[in-house]
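Biologist: I should be grateful for a close look at a single part of this structure, namely one charged residue and its surroundings. Please describe the setting of that residue step by step, and then relate it to the rest of the fold.

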Amino acid sequence: QVQLEESGGGLVQSGDSLRLSCAASGRTFSRHPVGWFREPPGKQRDLVAAISWSGGNIYYVDSVKDRFTISRDNAKNTALLQMNRLKPEDTAVYYCAAGSYGFKEYYVPRLRYEYDYWGQGTQVTVSS
């Protein structure tokens with residue numbers, strides 16, 4: 001069992017940076033891939049970035065490449081999403097999710113059903 005809690009959201013201006021943190025509890029967190037999803041108002045929840053449990057493989061959706069950086073520290077049971085050069089279209093509730101236990105060390109899940117554990121979300125609002 002893994003429990004996740006996000007923090008670090010807020011209201012910023014276009015071009016600013018934010019760093020989202022995901023604190024995890026549970027002995028197996030280090031063996032779960034981690035994804036950051038976002039849900040804009042009135043839209044579906046989509047994957048933004050994901051990292052394998054080994055940290056050796058990373059995925060970004062095209063719209064955030066070169067602006068967002070995902071990382072994890074298995075020793076501290078945390079995952080981070082560094083968001084730079086934020087845009088108004090990045091406004092959304094951001095969720096941290098842990099993928100199923102048992103994936104291979106370099107596997108990066110991209111589908112919602114591949115994630116078993118979810119945080120409550122943190123709001124990110126970017127004003128123009």
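**Arg-38 and its surroundings**

Modeller: Arg-38 has a relative accessibility of 12% and therefore counts as buried, since the cut-off for that class is under 20%. The model is a predicted one. Arg-38 belongs to strand 4, which spans residues 34-39.

I begin with the charged partner. The side chain of Arg-38 forms a salt bridge with that of Asp-90, with an N to O distance of 2.9 Å. Side chains of opposite charge can pair when their charged atoms come close. The pair joins parts of the chain that are distant in sequence: Arg-38 sits in strand 4, Asp-90 lies in the loop between strand 8 and strand 9, and 52 residues separate them. Asp-90, like Arg-38, is buried.

Asp-90 has another partner as well. It forms a salt bridge with Arg-67, where the closest N and O atoms are 2.8 Å apart. This link also connects distant parts of the chain, for Arg-67 is in the loop between strand 6 (58-60) and strand 7, 23 residues from Asp-90. Arg-67 and Asp-90 are both buried. Arg-38, Arg-67 and Asp-90 are thus linked in a network of salt bridges.

The polar contacts of Arg-38 come next. Its side chain makes a polar contact with the side chain of Asp-90 at 2.9 Å, and another with the side chain of Tyr-94 at 3.0 Å. When residues up to four places away in sequence are set aside, the residues that Arg-38 touches include Gln-44, Arg-45, Asp-46 and Val-48. Ser-63, Val-64, Phe-68 and Glu-89 are also among them, as are Ala-92 and Val-93.

Two of these neighbours, Phe-68 and Tyr-94, lead into the nonpolar interior. Phe-68 and Tyr-94 are among the residues that touch the most other members of the largest nonpolar core, which has 28 residues. Leu-4, Trp-36, Leu-81 and Met-83 are the others named in that group. Several strands give two or more residues to this core, including strand 4, strand 7 (68-73) and strand 9 (92-99). In soluble globular proteins, nonpolar side chains tend to be buried together. The contacts of Phe-68, again without residues up to four places away, bring the two themes together: they include Arg-38 and Asp-90 as well as Val-48, Leu-81, Met-83 and Tyr-94. Apart from this core there is a second, separate one of eight residues, with Phe-37, Ala-50, Ala-97 and Tyr-115 among its members.

The neighbouring charged pair deserves a word too. Arg-45, which Arg-38 touches, meets Glu-39 in a salt bridge of 2.9 Å, N to O. Glu-39 has a relative accessible area of 28% and so is partly exposed, whereas Arg-45, at 16%, is buried. A search of the whole structure finds four salt bridges.

Arg-38 also helps to line the largest pocket, together with Pro-40, Lys-43, Gln-44, Asp-46, Leu-47, Val-48, Val-61 and Glu-89. The volume of this pocket is about 160 Å³. Strand 5 supplies the largest share of the lining, three residues. Gln-44, Asp-46, Val-48 and Glu-89, which appear in the lining, are likewise among the contacts of Arg-38.

For comparison, consider another arginine. Arg-72 is located in strand 7 and, with a relative accessibility of 15%, it counts as buried. Its side chain reaches backbone oxygens: a polar atom of the side chain lies 2.8 Å from the backbone oxygen of His-32, and the backbone oxygen of Ser-52 is reached at 3.2 Å. Beyond residues up to four places away in sequence, Arg-72 touches residues that include Phe-29, Val-34, Ile-51, Trp-53 and Thr-78.

In summary, Arg-38 is a buried residue that takes part in a salt-bridge network with Arg-67 and Asp-90. Arg-38 makes a side-chain polar contact with Tyr-94, touches Phe-68 and contributes to the lining of the largest pocket.

Terms used: Residues are numbered from 1 along each chain as its sequence is written. This is a predicted model: local features need pLDDT of at least 70, side-chain atom pairs count only at pLDDT 80 or more; totals for chains, interfaces and linings use all residues. Side-chain values use heavy atoms; hydrogens and water are left out. A nonpolar core is a set of buried Ala, Val, Leu, Ile, Met, Phe, Trp, Tyr and Cys residues joined through side-chain atoms within 4.5 Å. Buried means under 20% relative accessible area, exposed over 50%, partly exposed in between (1.4 Å probe, protein chains only). Helices (H or I, at least four residues) and strands (E, at least two) are DSSP runs, numbered from the N terminus. Contact means heavy atoms within 4.5 Å. A polar contact is a pair of N or O atoms within 3.5 Å; within protein, one must be able to donate a hydrogen and the other to accept it, and residues adjacent in sequence count only if both atoms are side-chain atoms. On a 1 Å grid over the protein atoms alone, a cavity is a set of points where a 1.4 Å probe fits but cannot get out, and a pocket is an open set with protein on both sides within 12 Å along at least five of seven lines; lining residues have an atom within 4 Å of a point. Grid points are joined across faces, edges and corners, and a volume is the space filled by probe spheres set on the points.
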